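Trainee: Can we go through this one together? I would like to start with the empty space inside.

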Amino acid sequence: MVLLKQLLQGRRPALPLHLPAHGRGRGLAPELARLLRLSPGAWDLPELPQIGGPLESSGAVAESQRLWAERLGARQLWYGVNGASGLLQAALLALAAPGDRVLLPRNLHRSLLHGCLLGQLEPVLFDLPFDPSSGLWLPPSPQHLQAVIQAALADGPLAAVVLVSPSYQGLVGDLAGLIAVAHGQQLPVLLDEAHGAHLGCDGRLPPSGLSCGADLVVQSLQKAAGGLAQSALLLQGPGSDLPAASIERGLLWLQTSSPSALLLASCEASLQQLASGRGRAQLSRALDLAEALRARLRAEGFVLLENQDPLRLSWICAADGISGLEADDWLLERGVIAELPEPGCLSFCLGSRPPRGLLRRLPEALRRCRGALGSGAALRFSRPPLPLVASPERPLAEAWRATPEVVPLAAAAGRLAAEPLCPYPPGIPLLIPGERIDSARAQWLQEQCQLWPDQIADTVKVAVE
């Protein structure tokens with residue numbers, strides 16, 4: 001009973017700044033917290049007629065989905081209990097048929113890659129702007145996306161464009177401009193807005209993807225709202241002419257036939273919280289605190305990522321000569337739990353209700369960390385040697401199922417990858433099955449191996465040809 005023991009102990013770290021965004025219960029949607037205080041038998045229910053499910057036309061779930069679609073300005077809305085991952089895959093299968101080509105950014109979540117495999121789709125990956133000081137991919141500009149689409153169309157038609165916004169670190173580009181570029185080529189847009197359910201709920205935040213014209217939008221309600229893990233939303237934009245039957249077919253294929261009533265209730269409760277006066281006031285207070293925290297850290301010389309979501313705080317520790325993975329280990333031993341360590345930065349999820357004392361305690365912890373680990377010599381990162389657009393040389397499913405051979409990264413040049421290479425979190429693949437590893441890419445991957453110790457091995461699986 002190792003897992004049960006961990007959960008039953010209920011230990012609380014000094015500063016939990018990780019997902020879910022409810023911060024270990026502090027920011028849970030109030031009605032959801034009330035539900036959780038009841039006997040578990042009260043909410044662990046099947047699809048009874050009065051409850052129904054996401055694909056039923058009657059029952060409380062169907063009524064709730066219709067209500068919130070209208071309130072949010074969506075053509076239709078579906079609750080999901082398999083996280084944003086499951087809804088992204090269902091949306092992808094609704095937009096494209098087997099053999100179709102789908103345009104995806106290099107910072108795609110691996111669930112989209114799995115969706116391409118399940119739907120027998122050809123992923124066409126496009127490169128993104130890169131920041132050598134943090135090692136992060138940056139949002140594309142509309143001009144960049146225009147060049148990408150033109151290059152991709154030279155090799156054949158596309159079925160859809162996928163965009164990721166916000167990024168894990170809270171970066172948001174000109175979303176309306178990007179969607180307009182795709183629509184100008186008659187291409188529907190699937191938006192991975194897993195980290196942006198709260199966007200548009202305060203004037204200090206960017207507008208939502210739905211209001212920017214995306215055709216399909218997927219949100220995770222545990223990443224930026226008061227929901228439980230696995231609760232998520234799929235929204236269809238009011239301008240989308242995709243038949244609902246196509247979307248529901250994808251949901252039928254990939255969602256469970258026994259959805260958790262608790263997780264479905266979590267979806268509704270999260271939306272209610274975001275829309276309520278109490279929820280908006282809580283979000284406003286969280287943003288106030290986030291802005292004050294940034295000001296204090298900058299005054300102490302910390303270099304922070306200039307992002308668009310103040311509730312994601314990314315310390316570019318590379319500016320102090322510190323690896324984000326080393327900083328994370330150091331802080332973890334002292335009860336400060338970050339959300340995402342990377343070689344160049346360390347990201348914290350402040351959540352909808354940040355912990356008490358954050359304004360004093362986090363700067364103090366980071367100050368001590370910098371004093372213990374800082375070298376003063378800033379780290380720099382090399383741009384991935386990637387073409388503007390590229391597809392796997394061998395079909396994704398074929399390469400992934402091929403007989404693999406394990407070889408050192410130093411000997412991988414010229415070989416075809418047989419599996420994704422994904423430091424996790426957040427599961428962004430540096431290499432996908434079927435891609436040919438040229439010498440420049442092999443050398444870059446060896447550098448990544450040094451930057452991600454314990455997460456990237458010095459070997460890779462390649463397909464036997």
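**Cavities and a strand**

Mentor: Sorted by class, the residues lining the largest cavity are eight nonpolar, seven polar and four charged. Keep in mind that this is a predicted model.

Trainee: How much space lies in the largest cavity?

Mentor: About 170 Å³. Its lining has 19 residues, and His198, Ala224, Leu283, Leu311 and Ser352 lie nearest the centre.

Trainee: Which helix gives the most to that lining?

Mentor: H10, with four residues. Helix H9 (261-275) and helix H10 (277-299) each supply at least two.

Trainee: How many cavities of 30 Å³ or more does the structure hold?

Mentor: Two. The second largest has a volume of about 140 Å³. Among its 16 lining residues, Asn107, Pro139, Pro140, Val164 and Ser165 lie nearest the centre.

Trainee: And how do the residues of that lining divide?

Mentor: Twelve are nonpolar, four are polar and none is charged. Strand S7 (160-164) and helix H7 (175-184) each contribute at least two residues to the lining of this second largest cavity.

Trainee: New topic. Why is strand S4 largely enclosed?

Mentor: Strand S4 covers residues 122-126, and four of its five residues are buried, so the rest of the structure largely encloses it.

Trainee: Which way do S3 and S4 run, parallel or antiparallel?

Mentor: Parallel, with five bridges joining S3 (residues 101-105) to S4. From S3 the chain passes through helix H5 (residues 110-119) to S4, a right-handed β-α-β crossover.

Trainee: What about S4 and S15?

Mentor: Those run antiparallel, and two bridges join them. Leu125 has Ala390 as its bridge partner in S15, while Leu104 has Leu125 as its partner in S4.

Methods. Residues are numbered from 1 along each chain as its sequence is written. This is a predicted model: local features need pLDDT of at least 70, side-chain atom pairs count only at pLDDT 80 or more; totals for chains, interfaces and linings use all residues. Side-chain values use heavy atoms; hydrogens and water are left out. Buried means under 20% relative accessible area, exposed over 50%, partly exposed in between (1.4 Å probe, protein chains only). Two strands pair if DSSP finds at least two bridges between them. A crossover is right-handed if, with the strands pointing away from the viewer, the path from the first strand over the helix to the second runs clockwise. On a 1 Å grid over the protein atoms alone, a cavity is a set of points where a 1.4 Å probe fits but cannot get out, and a pocket is an open set with protein on both sides within 12 Å along at least five of seven lines; lining residues have an atom within 4 Å of a point. Grid points are joined across faces, edges and corners, and a volume is the space filled by probe spheres set on the points. Ala, Val, Leu, Ile, Met, Phe, Trp, Tyr, Cys and Pro count as nonpolar, Asp, Glu, Lys and Arg as charged, and the others, Gly among them, as polar.
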